[in-house]
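I opened my notebook for a first walk through a new structure. Come along, and keep the viewer open while I look things up.

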Amino acid sequence: MKEKKGIKRRDFLKLSSAAAITGLAGGIAGGRTAAGDELVSAAVARVGTFPRRTLGPSGREVAVMLGAGDMSPACTEAGIQCGMNYWHKANRWMRSKTPQSILENREAHYCQVTVDRVGGDHYVGRLDEDEHVAYVKKAVEETGLGYFDDMQLHYGFHSVREYQNDRSFVRAFERLKKEGLVRHLCLSQHGYAGRDRVPGGQSAAEVLTEVARDGVFEHAQFIYSYGADPEMDEFIEFAKKKGFGTIAMKTARGIGRMLDDPNFRKNLPADTSPHHALTRWLTTGTGLTAAVIRVRNLEEFAETYSGAGRSLRDQDRKALELMNRTARGTVCRLCTRCQPHCPQNIPIADILRFERYALDDHDWPRARALYGRLHRNAAECIQCETCISHCPQHLPIPRQIARVHQILG
Ligand code: SF4
Ligand code: SF4
(Lines give C-alpha, C1' and ligand atoms only; values in the text may rest on other atoms or scores of the structure.)
(Ligands and ions follow the chains in the order given, each with its own letter.)
Protein backbone atom coordinates (compact mmCIF):
# COMPACT_ATOMS: atom_id res chain seq x y z
CA MET A 1 0.00 0.00 0.00
CA LYS A 2 2.06 2.94 -1.24
CA GLU A 3 -0.34 5.83 -1.49
CA LYS A 4 -4.00 6.44 -0.83
CA LYS A 5 -5.76 9.31 -2.50
CA GLY A 6 -2.83 11.61 -1.90
CA ILE A 7 -2.11 10.42 1.64
CA LYS A 8 1.26 8.73 2.05
CA ARG A 9 1.30 5.37 3.88
CA ARG A 10 3.37 6.77 6.78
CA ASP A 11 0.82 9.56 7.30
CA PHE A 12 -2.06 7.17 6.88
CA LEU A 13 -0.78 5.00 9.73
CA LYS A 14 0.05 7.98 11.92
CA LEU A 15 -3.24 9.74 11.35
CA SER A 16 -5.15 6.49 11.50
CA SER A 17 -4.14 5.87 15.09
CA ALA A 18 -4.61 9.55 15.91
CA ALA A 19 -8.10 9.37 14.47
CA ALA A 20 -8.87 6.36 16.67
CA ILE A 21 -7.65 8.22 19.74
CA THR A 22 -9.62 11.38 19.05
CA GLY A 23 -12.84 9.37 18.82
CA LEU A 24 -13.52 10.28 15.25
CA ALA A 25 -16.52 8.00 14.76
CA GLY A 26 -19.66 10.02 14.93
CA GLY A 27 -18.02 12.50 17.27
CA ILE A 28 -17.79 9.90 20.03
CA ALA A 29 -15.48 12.06 22.04
CA GLY A 30 -16.44 15.19 20.22
CA GLY A 31 -12.97 15.22 18.65
CA ARG A 32 -13.43 15.09 14.87
CA THR A 33 -10.52 16.49 12.93
CA ALA A 34 -10.16 17.37 9.26
CA ALA A 35 -7.18 15.01 8.98
CA GLY A 36 -9.18 12.22 10.56
CA ASP A 37 -12.12 12.81 8.23
CA GLU A 38 -9.76 12.76 5.27
CA LEU A 39 -8.37 9.41 6.37
CA VAL A 40 -11.78 7.88 6.77
CA SER A 41 -12.75 9.18 3.33
CA ALA A 42 -9.60 7.65 1.81
CA ALA A 43 -10.34 4.27 3.41
CA VAL A 44 -13.98 4.42 2.31
CA ALA A 45 -12.98 5.33 -1.26
CA ARG A 46 -10.68 2.33 -1.41
CA VAL A 47 -13.24 -0.12 -0.02
CA GLY A 48 -16.41 1.14 -1.72
CA THR A 49 -19.85 -0.15 -0.74
CA PHE A 50 -20.14 -3.60 0.80
CA PRO A 51 -22.45 -5.98 -1.04
CA ARG A 52 -25.32 -7.33 1.06
CA ARG A 53 -26.71 -10.83 1.59
CA THR A 54 -29.85 -12.18 3.16
CA LEU A 55 -29.29 -13.26 6.76
CA GLY A 56 -31.47 -16.21 7.70
CA PRO A 57 -35.25 -16.51 7.58
CA SER A 58 -35.91 -12.92 8.70
CA GLY A 59 -34.81 -11.84 5.22
CA ARG A 60 -32.65 -9.02 6.61
CA GLU A 61 -30.05 -7.72 4.19
CA VAL A 62 -26.65 -7.41 5.86
CA ALA A 63 -23.26 -6.25 4.60
CA VAL A 64 -20.92 -9.18 3.92
CA MET A 65 -18.46 -7.80 6.49
CA LEU A 66 -19.79 -7.55 10.03
CA GLY A 67 -18.72 -4.78 12.34
CA ALA A 68 -18.05 -5.31 16.03
CA GLY A 69 -18.61 -3.35 19.22
CA ASP A 70 -14.87 -3.36 19.91
CA MET A 71 -13.81 -1.81 16.58
CA SER A 72 -11.95 1.48 16.82
CA PRO A 73 -14.12 4.57 16.39
CA ALA A 74 -12.38 5.45 13.10
CA CYS A 75 -13.00 1.98 11.63
CA THR A 76 -16.60 2.07 12.86
CA GLU A 77 -17.19 5.37 11.07
CA ALA A 78 -15.54 4.09 7.89
CA GLY A 79 -17.59 0.88 8.14
CA ILE A 80 -20.84 2.82 8.40
CA GLN A 81 -19.90 4.87 5.35
CA CYS A 82 -19.23 1.63 3.41
CA GLY A 83 -22.67 0.29 4.37
CA MET A 84 -21.69 -1.91 7.34
CA ASN A 85 -25.00 -2.47 9.11
CA TYR A 86 -24.63 -5.48 11.43
CA TRP A 87 -22.79 -4.99 14.72
CA HIS A 88 -21.60 -8.05 16.56
CA LYS A 89 -21.00 -7.62 20.33
CA ALA A 90 -22.84 -4.29 20.36
CA ASN A 91 -23.13 -4.73 24.14
CA ARG A 92 -19.42 -3.75 24.27
CA TRP A 93 -20.70 -0.21 23.84
CA MET A 94 -21.71 -0.43 27.50
CA ARG A 95 -17.97 0.07 28.19
CA SER A 96 -17.05 2.55 25.49
CA LYS A 97 -19.97 4.50 24.11
CA THR A 98 -22.50 3.74 21.44
CA PRO A 99 -21.55 5.51 18.17
CA GLN A 100 -23.71 8.57 17.73
CA SER A 101 -24.26 7.85 14.04
CA ILE A 102 -25.83 4.49 14.94
CA LEU A 103 -28.03 6.00 17.66
CA GLU A 104 -29.21 8.67 15.23
CA ASN A 105 -30.11 6.14 12.57
CA ARG A 106 -31.00 3.18 14.78
CA GLU A 107 -33.37 1.34 12.43
CA ALA A 108 -30.70 1.23 9.68
CA HIS A 109 -28.50 -0.99 11.87
CA TYR A 110 -28.74 -4.47 13.34
CA CYS A 111 -27.14 -4.59 16.77
CA GLN A 112 -26.38 -7.84 18.54
CA VAL A 113 -26.13 -8.51 22.27
CA THR A 114 -23.72 -11.32 23.09
CA VAL A 115 -24.77 -13.23 26.21
CA ASP A 116 -22.46 -15.50 28.21
CA ARG A 117 -23.25 -18.38 30.50
CA VAL A 118 -23.36 -17.48 34.18
CA GLY A 119 -21.69 -18.93 37.28
CA GLY A 120 -18.51 -19.98 35.44
CA ASP A 121 -16.93 -19.92 32.00
CA HIS A 122 -18.35 -21.34 28.76
CA TYR A 123 -17.38 -24.86 29.86
CA VAL A 124 -18.92 -25.05 33.30
CA GLY A 125 -21.22 -22.01 33.43
CA ARG A 126 -24.97 -22.50 33.21
CA LEU A 127 -27.77 -21.15 31.07
CA ASP A 128 -30.03 -19.12 33.31
CA GLU A 129 -33.26 -17.56 32.10
CA ASP A 130 -33.56 -14.84 34.75
CA GLU A 131 -29.89 -13.84 34.65
CA HIS A 132 -29.91 -13.60 30.84
CA VAL A 133 -33.03 -11.42 30.94
CA ALA A 134 -31.42 -9.15 33.55
CA TYR A 135 -28.20 -8.84 31.55
CA VAL A 136 -29.91 -7.93 28.28
CA LYS A 137 -32.09 -5.32 30.03
CA LYS A 138 -28.98 -3.76 31.54
CA ALA A 139 -27.24 -3.76 28.14
CA VAL A 140 -30.27 -2.14 26.46
CA GLU A 141 -30.26 0.59 29.05
CA GLU A 142 -26.53 1.25 29.18
CA THR A 143 -25.98 1.28 25.41
CA GLY A 144 -29.03 3.50 24.82
CA LEU A 145 -29.92 1.37 21.80
CA GLY A 146 -33.54 0.85 22.89
CA TYR A 147 -33.50 -2.82 21.80
CA PHE A 148 -31.13 -5.38 20.32
CA ASP A 149 -31.89 -6.93 16.96
CA ASP A 150 -30.20 -10.21 17.81
CA MET A 151 -29.63 -12.04 21.07
CA GLN A 152 -26.62 -14.34 20.72
CA LEU A 153 -25.63 -17.24 22.95
CA HIS A 154 -21.87 -16.76 23.20
CA TYR A 155 -19.82 -19.97 22.74
CA GLY A 156 -22.98 -21.96 21.98
CA PHE A 157 -24.33 -25.24 23.29
CA HIS A 158 -22.21 -28.10 24.63
CA SER A 159 -24.12 -30.78 22.74
CA VAL A 160 -27.28 -31.56 20.82
CA ARG A 161 -28.64 -33.02 24.05
CA GLU A 162 -28.14 -29.74 25.91
CA TYR A 163 -29.67 -27.82 23.01
CA GLN A 164 -32.77 -30.00 23.07
CA ASN A 165 -33.19 -30.25 26.84
CA ASP A 166 -32.17 -26.88 28.25
CA ARG A 167 -34.43 -24.16 26.86
CA SER A 168 -33.45 -21.48 29.42
CA PHE A 169 -31.80 -19.28 26.78
CA VAL A 170 -34.75 -19.55 24.41
CA ARG A 171 -37.19 -18.75 27.22
CA ALA A 172 -35.15 -15.67 28.17
CA PHE A 173 -35.28 -14.58 24.53
CA GLU A 174 -39.06 -15.07 24.36
CA ARG A 175 -39.62 -12.98 27.48
CA LEU A 176 -37.43 -10.18 26.16
CA LYS A 177 -39.04 -10.35 22.74
CA LYS A 178 -42.49 -9.85 24.28
CA GLU A 179 -41.17 -6.67 25.86
CA GLY A 180 -39.79 -5.48 22.51
CA LEU A 181 -36.17 -5.64 23.71
CA VAL A 182 -34.87 -8.29 21.26
CA ARG A 183 -36.04 -9.51 17.88
CA HIS A 184 -34.03 -12.52 16.64
CA LEU A 185 -32.13 -15.45 18.11
CA CYS A 186 -28.62 -16.55 17.13
CA LEU A 187 -25.50 -18.17 18.55
CA SER A 188 -21.75 -18.39 18.17
CA GLN A 189 -20.63 -22.00 18.40
CA HIS A 190 -17.35 -23.51 19.58
CA GLY A 191 -16.52 -27.24 19.68
CA TYR A 192 -16.73 -29.25 22.93
CA ALA A 193 -15.90 -32.78 21.81
CA GLY A 194 -13.44 -34.45 24.19
CA ARG A 195 -13.39 -31.65 26.76
CA ASP A 196 -13.10 -33.25 30.17
CA ARG A 197 -14.98 -30.33 31.73
CA VAL A 198 -17.94 -30.91 29.38
CA PRO A 199 -19.06 -34.54 29.58
CA GLY A 200 -20.85 -35.50 26.37
CA GLY A 201 -19.54 -32.42 24.54
CA GLN A 202 -19.84 -32.47 20.74
CA SER A 203 -18.17 -30.76 17.81
CA ALA A 204 -19.37 -27.40 16.50
CA ALA A 205 -20.61 -28.99 13.27
CA GLU A 206 -22.70 -31.58 15.13
CA VAL A 207 -24.41 -28.98 17.30
CA LEU A 208 -24.88 -26.47 14.48
CA THR A 209 -26.45 -29.02 12.16
CA GLU A 210 -29.15 -29.73 14.75
CA VAL A 211 -29.68 -26.04 15.48
CA ALA A 212 -30.08 -25.26 11.76
CA ARG A 213 -32.41 -28.23 11.29
CA ASP A 214 -34.59 -27.16 14.22
CA GLY A 215 -35.14 -23.62 12.94
CA VAL A 216 -35.58 -21.73 16.24
CA PHE A 217 -32.26 -19.89 15.89
CA GLU A 218 -31.79 -17.85 12.70
CA HIS A 219 -28.03 -17.76 12.18
CA ALA A 220 -24.70 -18.73 13.71
CA GLN A 221 -21.09 -17.62 13.93
CA PHE A 222 -18.42 -20.32 13.92
CA ILE A 223 -14.67 -20.77 13.44
CA TYR A 224 -13.87 -21.03 9.75
CA SER A 225 -10.82 -20.18 7.73
CA TYR A 226 -8.97 -20.82 4.47
CA GLY A 227 -7.91 -24.40 3.65
CA ALA A 228 -9.93 -27.60 3.48
CA ASP A 229 -12.57 -28.02 6.18
CA PRO A 230 -14.92 -30.75 4.91
CA GLU A 231 -16.99 -30.96 8.12
CA MET A 232 -17.82 -27.26 8.22
CA ASP A 233 -18.22 -27.09 4.44
CA GLU A 234 -20.90 -29.76 4.70
CA PHE A 235 -22.62 -27.78 7.44
CA ILE A 236 -22.53 -24.56 5.40
CA GLU A 237 -24.12 -26.38 2.48
CA PHE A 238 -26.82 -27.80 4.74
CA ALA A 239 -27.45 -24.41 6.35
CA LYS A 240 -27.85 -22.80 2.94
CA LYS A 241 -30.56 -25.28 2.00
CA LYS A 242 -32.35 -24.58 5.29
CA GLY A 243 -32.09 -20.79 4.87
CA PHE A 244 -29.98 -20.59 8.06
CA GLY A 245 -27.45 -17.72 8.15
CA THR A 246 -23.74 -18.54 8.39
CA ILE A 247 -21.04 -16.15 9.60
CA ALA A 248 -17.33 -17.05 9.74
CA MET A 249 -15.21 -15.86 12.67
CA LYS A 250 -11.54 -16.31 13.67
CA THR A 251 -10.84 -16.31 9.96
CA ALA A 252 -7.27 -14.94 9.79
CA ARG A 253 -5.56 -18.15 10.91
CA GLY A 254 -1.81 -17.66 11.34
CA ILE A 255 -1.61 -14.56 9.15
CA GLY A 256 0.00 -12.34 11.80
CA ARG A 257 2.96 -14.67 12.32
CA MET A 258 3.30 -15.20 8.56
CA LEU A 259 3.62 -11.48 7.99
CA ASP A 260 6.37 -11.36 10.62
CA ASP A 261 8.38 -13.81 8.51
CA PRO A 262 10.54 -12.12 5.83
CA ASN A 263 10.62 -15.35 3.78
CA PHE A 264 6.85 -15.48 3.62
CA ARG A 265 6.66 -11.81 2.65
CA LYS A 266 9.30 -12.32 -0.04
CA ASN A 267 7.20 -15.05 -1.69
CA LEU A 268 3.90 -13.16 -1.56
CA PRO A 269 2.61 -12.16 -5.00
CA ALA A 270 2.46 -8.43 -5.74
CA ASP A 271 -0.74 -6.41 -5.56
CA THR A 272 -2.49 -8.43 -2.87
CA SER A 273 -2.06 -9.31 0.81
CA PRO A 274 -3.12 -12.26 2.96
CA HIS A 275 -6.00 -10.34 4.57
CA HIS A 276 -7.14 -8.98 1.24
CA ALA A 277 -7.07 -12.38 -0.49
CA LEU A 278 -8.81 -13.94 2.52
CA THR A 279 -11.63 -11.38 2.32
CA ARG A 280 -12.16 -11.98 -1.40
CA TRP A 281 -12.29 -15.73 -0.80
CA LEU A 282 -14.62 -15.57 2.22
CA THR A 283 -17.09 -13.26 0.47
CA THR A 284 -17.13 -14.77 -3.02
CA GLY A 285 -15.53 -18.22 -2.87
CA THR A 286 -17.63 -19.81 -0.11
CA GLY A 287 -21.31 -20.35 0.68
CA LEU A 288 -21.14 -18.08 3.74
CA THR A 289 -23.58 -15.26 4.38
CA ALA A 290 -20.98 -12.96 5.94
CA ALA A 291 -17.69 -12.89 7.82
CA VAL A 292 -15.90 -11.18 10.68
CA ILE A 293 -12.28 -10.19 10.10
CA ARG A 294 -10.67 -8.16 12.83
CA VAL A 295 -9.03 -4.88 11.74
CA ARG A 296 -7.14 -2.64 14.15
CA ASN A 297 -6.84 0.61 12.22
CA LEU A 298 -7.83 2.31 8.98
CA GLU A 299 -4.79 0.95 7.20
CA GLU A 300 -5.94 -2.60 7.88
CA PHE A 301 -9.55 -1.61 7.19
CA ALA A 302 -8.69 -0.43 3.66
CA GLU A 303 -6.30 -3.26 2.86
CA THR A 304 -8.56 -6.03 4.17
CA TYR A 305 -12.08 -4.92 3.36
CA SER A 306 -11.25 -3.68 -0.14
CA GLY A 307 -11.52 -7.37 -1.07
CA ALA A 308 -15.14 -7.68 0.10
CA GLY A 309 -17.45 -9.00 -2.60
CA ARG A 310 -14.70 -9.02 -5.23
CA SER A 311 -13.75 -12.26 -6.92
CA LEU A 312 -10.38 -13.90 -6.61
CA ARG A 313 -7.65 -12.89 -9.04
CA ASP A 314 -4.57 -14.96 -9.88
CA GLN A 315 -2.46 -13.17 -7.27
CA ASP A 316 -5.10 -13.80 -4.58
CA ARG A 317 -5.24 -17.50 -5.41
CA LYS A 318 -1.45 -17.68 -5.24
CA ALA A 319 -1.45 -15.86 -1.90
CA LEU A 320 -4.04 -18.28 -0.51
CA GLU A 321 -2.00 -21.26 -1.73
CA LEU A 322 1.08 -19.84 -0.04
CA MET A 323 -0.90 -19.27 3.19
CA ASN A 324 -2.18 -22.84 3.04
CA ARG A 325 1.27 -24.28 2.52
CA THR A 326 2.71 -22.16 5.33
CA ALA A 327 -0.12 -22.95 7.74
CA ARG A 328 0.05 -26.68 7.12
CA GLY A 329 2.00 -28.21 9.99
CA THR A 330 2.28 -24.91 11.84
CA VAL A 331 -1.11 -23.30 12.53
CA CYS A 332 -4.08 -24.87 14.33
CA ARG A 333 -7.51 -24.44 12.78
CA LEU A 334 -9.26 -25.05 16.12
CA CYS A 335 -11.26 -27.97 14.75
CA THR A 336 -10.88 -29.83 18.13
CA ARG A 337 -10.52 -33.21 16.42
CA CYS A 338 -7.44 -34.05 18.49
CA GLN A 339 -9.21 -33.27 21.73
CA PRO A 340 -11.02 -36.54 22.53
CA HIS A 341 -7.79 -38.52 22.10
CA CYS A 342 -5.63 -36.84 24.73
CA PRO A 343 -5.31 -39.09 27.80
CA GLN A 344 -4.30 -36.06 29.88
CA ASN A 345 -7.36 -34.04 28.84
CA ILE A 346 -5.16 -31.15 27.85
CA PRO A 347 -7.22 -28.39 26.21
CA ILE A 348 -5.09 -28.44 23.05
CA ALA A 349 -7.34 -26.25 20.91
CA ASP A 350 -7.62 -23.62 23.66
CA ILE A 351 -3.86 -23.54 24.09
CA LEU A 352 -3.38 -23.08 20.35
CA ARG A 353 -6.15 -20.46 20.25
CA PHE A 354 -4.24 -18.44 22.84
CA GLU A 355 -1.11 -18.94 20.74
CA ARG A 356 -3.00 -17.20 17.92
CA TYR A 357 -3.86 -14.24 20.17
CA ALA A 358 -0.15 -13.88 20.95
CA LEU A 359 1.56 -14.62 17.63
CA ASP A 360 -1.07 -13.40 15.17
CA ASP A 361 -2.92 -10.62 16.99
CA HIS A 362 0.13 -9.69 19.09
CA ASP A 363 -2.25 -9.46 22.05
CA TRP A 364 0.18 -10.91 24.58
CA PRO A 365 -1.55 -9.72 27.79
CA ARG A 366 -4.80 -11.39 26.75
CA ALA A 367 -3.02 -14.59 25.66
CA ARG A 368 -1.06 -14.81 28.92
CA ALA A 369 -4.10 -14.09 31.06
CA LEU A 370 -6.19 -16.74 29.32
CA TYR A 371 -3.39 -19.30 29.43
CA GLY A 372 -2.91 -18.62 33.13
CA ARG A 373 -6.57 -19.40 33.78
CA LEU A 374 -6.53 -22.88 32.21
CA HIS A 375 -7.38 -25.67 34.63
CA ARG A 376 -4.81 -27.88 32.83
CA ASN A 377 -2.00 -26.67 30.67
CA ALA A 378 0.74 -27.94 28.37
CA ALA A 379 3.01 -28.80 31.31
CA GLU A 380 0.87 -31.90 31.84
CA CYS A 381 1.60 -33.32 28.40
CA ILE A 382 3.27 -36.75 28.67
CA GLN A 383 4.51 -36.67 25.04
CA CYS A 384 2.52 -39.79 24.14
CA GLU A 385 1.88 -38.31 20.66
CA THR A 386 -1.59 -39.90 20.41
CA CYS A 387 -3.05 -36.57 19.30
CA ILE A 388 -0.77 -36.16 16.29
CA SER A 389 -2.41 -38.76 14.05
CA HIS A 390 -5.82 -37.12 14.56
CA CYS A 391 -4.76 -33.66 13.44
CA PRO A 392 -5.75 -32.87 9.85
CA GLN A 393 -3.18 -30.07 9.85
CA HIS A 394 -0.37 -32.49 10.80
CA LEU A 395 0.73 -30.27 13.66
CA PRO A 396 3.53 -31.51 15.92
CA ILE A 397 1.13 -30.89 18.80
CA PRO A 398 3.28 -31.85 21.84
CA ARG A 399 6.17 -29.72 20.60
CA GLN A 400 3.89 -26.85 19.69
CA ILE A 401 2.03 -26.69 23.01
CA ALA A 402 5.36 -26.99 24.87
CA ARG A 403 6.51 -23.88 23.02
CA VAL A 404 3.27 -22.09 23.94
CA HIS A 405 3.90 -23.00 27.57
CA GLN A 406 7.34 -21.45 27.31
CA ILE A 407 6.06 -18.17 25.92
CA LEU A 408 2.78 -17.87 27.81
CA GLY A 409 3.25 -19.97 30.94
S1 SF4 B 1 1.15 -35.83 23.30
FE2 SF4 B 1 0.45 -34.55 24.99
S3 SF4 B 1 -1.23 -33.38 24.11
FE4 SF4 B 1 -0.88 -35.11 22.71
S5 SF4 B 1 -2.29 -36.69 23.40
FE6 SF4 B 1 -0.35 -37.04 24.48
S7 SF4 B 1 -0.56 -35.95 26.42
FE8 SF4 B 1 -2.17 -35.19 25.05
S1 SF4 C 1 -4.25 -29.29 16.81
FE2 SF4 C 1 -4.98 -30.13 14.87
S3 SF4 C 1 -6.72 -31.46 15.42
FE4 SF4 C 1 -6.27 -30.19 17.19
S5 SF4 C 1 -7.66 -28.45 17.01
FE6 SF4 C 1 -5.73 -27.85 16.03
S7 SF4 C 1 -5.96 -28.35 13.86
FE8 SF4 C 1 -7.58 -29.45 14.97
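**Entry 1: two helices side by side.** Are H12 and H13 parallel or oblique to each other? Before answering I noted that this is a predicted model. I looked up the axes of helix H12 (residues 274-284) and helix H13 (residues 298-305), which lie 7 Å apart and make an angle of about 45 degrees. The two helices are therefore oblique to each other. Next I listed who touches whom: H12 brings His-275, His-276 and Thr-279, while H13 brings Glu-300, Glu-303, Thr-304 and Tyr-305. By class, I wrote down one nonpolar, four polar and two charged residues for this contact.

**Entry 2: a second helix pair.** I then turned to H8 and H9, whose axes come within 10 Å and cross at roughly 5 degrees. An angle under 35 degrees counts as roughly parallel, so that is the word for H8 and H9. On the H8 side I found Ala-205, Leu-208, Thr-209, Ala-212 and Arg-213, and they meet Glu-231, Met-232, Phe-235, Phe-238, Ala-239 and Lys-242 in H9. This contact has seven nonpolar, one polar and three charged residues.

**Entry 3: staying with H8.** Which residues of helix H8 (residues 204-214) are buried? My list reads Ala-204, Ala-205, Val-207, Leu-208, Thr-209, Val-211 and Ala-212. I reminded myself that an α-helix has 3.6 residues a turn, so residues three or four places apart point the same way. The buried residues of H8 pack against helix H6 (160-165), strand E9 (182-189), strand E10 (219-223) and helix H9 (230-242). Just after H8 I came to Gly-215, which has a positive phi of about 90 degrees.

**Entry 4: a glutamine in a strand.** I picked Gln-112, which sits in strand E7 (residues 110-115). Is Gln-112 buried or exposed? I found 24 other C-beta atoms within 10 Å of Gln-112; being buried takes 20 or more, so Gln-112 is buried. Leaving aside neighbours within four places in sequence, Gln-112 is in contact with Trp-87, His-88, Lys-89, Ala-90, Phe-148, Asp-149, Asp-150 and Gln-152. I also checked Gln-112 against Thr-209: they are 97 residues apart in sequence and 22 Å apart in space, C-alpha to C-alpha.

**Entry 5: two domains.** How is the protein chain divided? I noted domain 1 (48-327) and domain 2 (339-408). Their C-alpha centres lie 24 Å apart. The contact takes 10 residues from domain 1 and nine residues from domain 2. On the side of domain 1 that touches domain 2, I wrote down three nonpolar, three polar and four charged residues.

**Entry 6: the two ligands.** Which residues come closest to ligand 1? Of the 15 residues that surround ligand 1, the closest are Cys-342, Cys-381, Cys-384, Cys-387 and Pro-398. That shell divides into 10 nonpolar, four polar and one charged. I moved on to ligand 2, which has 15 residues around it, with Cys-332, Cys-335, Cys-338, Ala-349 and Cys-391 coming nearest. Here the split is 10 nonpolar, three polar and two charged. Helix H15 (residues 348-359) gives the most to the shell around ligand 2, with three residues.

**Entry 7: stops in the loops.** In the loop between helix H14 (314-327) and H15 I found Thr-336. Thr-336 has a positive phi of about 70 degrees although it is not a glycine. With 23 other C-beta atoms within 10 Å, Thr-336 is buried.

I went on to His-394, in the loop between helix H16 (364-372) and helix H17 (397-408). His-394 is not a glycine either, and its phi is positive at about 55 degrees. Is His-394 buried or exposed? I noted that His-394 is exposed, with 11 other C-beta atoms within 10 Å.

My last stop was Asn-345, back in the loop between H14 and H15. With 15 C-beta neighbours inside 10 Å, Asn-345 counts as partly exposed. Not counting residues up to four places away in sequence, Asn-345 touches Asp-196 and Arg-376. I closed the page with Asn-345 and Asn-377, which are 32 residues apart in sequence and 9.3 Å apart in space, C-alpha to C-alpha.

Notes
Residues numbered from 1 in each chain as written. Chains lettered and ligands numbered in written order. Predicted model: local features only at pLDDT ≥ 70, side-chain atom pairs only at ≥ 80, totals over all residues. Near = placed C-beta within 6 Å. Helix = DSSP H or I, 4+ residues; strand = E, 2+ residues; numbered from the N terminus. Nonpolar A, V, L, I, M, F, W, Y, C, P; charged D, E, K, R; others polar. Domains from an automatic or database assignment. Contact = placed C-beta atoms within 7 Å. Axes fitted to C-alpha atoms, helices over the stretch in contact; angles between N-to-C directions. Parallel < 35°, antiparallel > 145°, perpendicular 65-115°, else oblique. Buried ≥ 20, exposed ≤ 12 C-beta atoms within 10 Å, placed from the backbone.
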